Amino acid sequence: MRIVFSRKGFDSSAGGGPSPIVDGRPISLPIPDSKGASRTTYEQRGLAVHAAKASRGKLSGADLCHDDPMFLENGTCVFGQCGAAQTHLERQGVGVGDVFVFFGLFAEEASGEPHHRIFGYLKVEDITHLADGVPQTFADLDHPHAIAMHASNDAIWRGEGQVSARASDALRLTVPEGPPSLWKRPAWLKHGGLSYHDREDRWLRAKDGHPRLKSVARGQEFVADIGRRQAPRDWLAGVIAEIKAS
C-alpha cells in the first residue's frame, strides 16, 4: 500500500498566497487555469472574494480556475494528473487501493501565519487514462482534465474522498513555529521512505519528542510505500477520521 502526500491549491507561486482559513474552516483555492481548459470561474465556485484577497487583487471572480481535485456531494473525489507528476505516480507503483492525502498552504485570515496542512483525501478505486477516451461522466462534471488533454498521459483518479470542514491541529503538518516547509512528521515516516526526499539532511532529529522533515519546495506527489506496516495505516485512519468528523 502507498500513501501519497499530494500538494494542491494556492501558494506563493500558484495563485500568489496561501488559501484562507475562515471561521475555522480551511478553504483550498484551486489554482488559476493556465491551460485554457476550464469552464469554471472563481465566482461560480463561490470563491471570488477569497481568490481576490489571496492573490492580492490579481484574480477576480471572472477568472477561470483549475477546479481539481473535485469533492462531490456523494462522497467521491475526482482528481486529474498528467505529465511528470503522473509519470512519477506510475513509476512509484501507485494504483487502486492506495490513498492520496491532499495538503496545501493555508493561513488564518486574522493571524496570516502560513503553514502546510492536510485538507482532504482520496482512496483510489479506479484510474482512467484519458488518451483512451473521456467518459461522459467526467465531461458532465466539467472536470478540467476531461475538457482538454493536458498531456499525452492525462489520467483521472477516482474513489471515496472528502474535504475537511475544520482546520484542526491534527491535520497540520507544519511545526508550530514554522517555516511552512518544516513538518512535524509521523514517527513511521523515515529517511528513504518518501519520494523526492532522499537527502539525509532533510530528516531531522527529534525535537521535543517529535521528528521533523524539511519538505521540498516544489513538486506535487510525494509517495510513501508503507508495505504491510500497521503504524502508517493507523496514522492514515486517524487522518481520515479527523477529516470525516468535521
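Which loop does Y196 lie in? In this predicted model, Y196 lies in the loop between β9 and β10, the latter spanning residues 203-207. The backbone of Y196 has a positive phi, near 70°, although the residue is not a glycine. With a relative accessibility of 46%, Y196 counts as partly exposed, because the partly exposed class runs between 20% and 50%. The ring of Y196 also belongs to an aromatic cluster, described further below.

The overall fold gives the setting. The chain is built from five helices and twelve strands. Its radius of gyration is 17 Å, close to the 18 Å that the globule rule gives for 246 residues, so the chain is as compact as a globular protein of that length. Along the principal axes, the C-alpha atoms fill a box of roughly 50 × 45 × 35 Å. Of the 246 residues, 51% count as buried. Among contacts with a separation of 6 or more, 70% are between residues 24 or more positions apart.

The surface and the charges can be put in numbers as well. The accessible surface of the chain is about 11500 Å², and carbon and sulfur atoms contribute 48% of that area. Positive and negative side chains number 30 each, and the centres of the two sets are 7 Å apart.

Some backbone details deserve a look. Most residues other than glycine have a negative phi, and most peptide bonds are trans. Besides Y196, D23 is a residue other than glycine with a positive phi, in this case about 50°. D23 sits in the loop between β2 (19-22) and β3 (25-26). Its relative accessibility is 80%, so D23 counts as exposed; the cut-off for that class is over 50%.

Where are the cis peptide bonds at D68 and G178 found? One joins D68 and P69, with omega at about 5°. P69 belongs to the loop that runs between α1 (48-54) and β4 (70-71). Another is the bond from G178 to P179, where omega is near 0°. P179 is placed in the loop between β8 (155-163) and β9 (182-184).

The aromatic side chains form the last part of the picture. A pair of aromatic rings is described by the distance of the centres and the angle of the planes. The count for this model comes to 14 aromatic pairs. One of them is formed by F79 and F102, which are edge-to-face, with 5.3 Å centre to centre and 75° between the planes. F79 is in strand β5 (residues 76-81) and F102 is in strand β6 (residues 99-108), so this pair ties together parts that are 23 residues apart in sequence. F79 and F102 are both buried.

F102 also pairs with F100, and here the rings are stacked: the centres are 6.0 Å apart and the planes differ by 15°. F100 has a relative accessible area of 0% and is therefore buried. F102 likewise counts as buried, at 0% relative accessibility. The cut-off for this class is under 20%.

Which residues do ring pairs link into a cluster with Y196? The members are F5, F103, W183, W188, Y196, F222 and W235. This brings the account back to Y196, a residue with a positive phi in the loop between β9 and β10.

How values were computed. Residues are numbered from 1 along each chain as its sequence is written. Side-chain values use heavy atoms; hydrogens and water are left out. Helices (H or I, at least four residues) and strands (E, at least two) are DSSP runs, numbered from the N terminus. The radius of gyration is taken over C-alpha atoms; the globule rule is 2.2 Å times the number of residues to the power 0.38. Buried means under 20% relative accessible area, exposed over 50%, partly exposed in between (1.4 Å probe, protein chains only). Contact means heavy atoms within 4.5 Å. Accessible areas come from the Shrake-Rupley method with a 1.4 Å probe; for residues, only the protein chains shown count as cover. Lys and Arg count as positive and Asp and Glu as negative; His and the chain ends are not counted. The place of a charge is taken as NZ of Lys, CZ of Arg, CG of Asp or CD of Glu. Rings of Phe, Tyr and Trp (its six-membered ring) pair if their centres lie within 6.5 Å; planes under 30 degrees apart count as stacked, over 60 as edge-to-face and the rest as tilted.
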